[in-house]
Amino acid sequence: MNITEILPFLIPFLIAEFALLGYTIWHILTHETYKRGNRTLWLLVSIIGMEFIGPILYFIFGKEDA
């Protein structure tokens, strides 16, 4: 199995991952209040845990309800 065989499945996954990360970072930078933690903490969690886990953790535990 080489990379060209799995590339058609990998590209949509990467696009979704970076779209979610981009939206998460935008949301963190444009909002002032968070349920837990602060802006720096959530930026670190989102960027270090980039593989869907960091952004999902932010939206579950950090995003302030509207």
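## A tour of the aromatic cluster and its surroundings

Select W42 and Y58 to begin: both residues are buried. The model is a predicted one.

Keep those two selected and add Y34. Together, Y34, W42 and Y58 make up one aromatic cluster. Across the whole structure, a search finds 3 aromatic pairs. One of them is Y34 with Y58: the ring centres are 6.3 Å apart and the planes stand at 65°, so this pair is edge-to-face. Y34 sits in the loop between α1 and α2 (39-48), while Y58 belongs to helix α3, so the pair ties together parts 24 residues apart in sequence. Y34 is buried, as is Y58.

Now hide Y34 and look at W42 against Y58. This aromatic pair is also edge-to-face, with 5.6 Å from centre to centre and 65° between the planes. W42 is in helix α2 and Y58 in helix α3, 16 residues apart, and the pair links these distant parts of the chain.

Next, select H27 in helix α1, which covers residues 3-30. Which residues does H27 touch, not counting those up to four places away in sequence? Show Y58, F59 and K63: H27 touches each of these. Is H27 buried or exposed? Its relative accessible area is 6%, which is under the 20% cut-off, so H27 is buried.

Finish at P55, in helix α3 (residues 53-62). P55 is buried too, with a relative accessible area of 1%. Add L20 and draw a C-alpha to C-alpha distance: P55 and L20 are 6.9 Å apart in space, although 35 residues separate them in sequence.

Notes. Residues numbered from 1 in each chain as written. Predicted model: local features only at pLDDT ≥ 70, side-chain atom pairs only at ≥ 80, totals over all residues. Heavy atoms only, no water. Helix = DSSP H or I, 4+ residues; strand = E, 2+ residues; numbered from the N terminus. Buried < 20%, exposed > 50% of the residue type's maximum accessible area, 1.4 Å probe, protein only. Contact = heavy atoms within 4.5 Å. Phe/Tyr/Trp six-rings, centres within 6.5 Å; stacked < 30°, edge-to-face > 60°.
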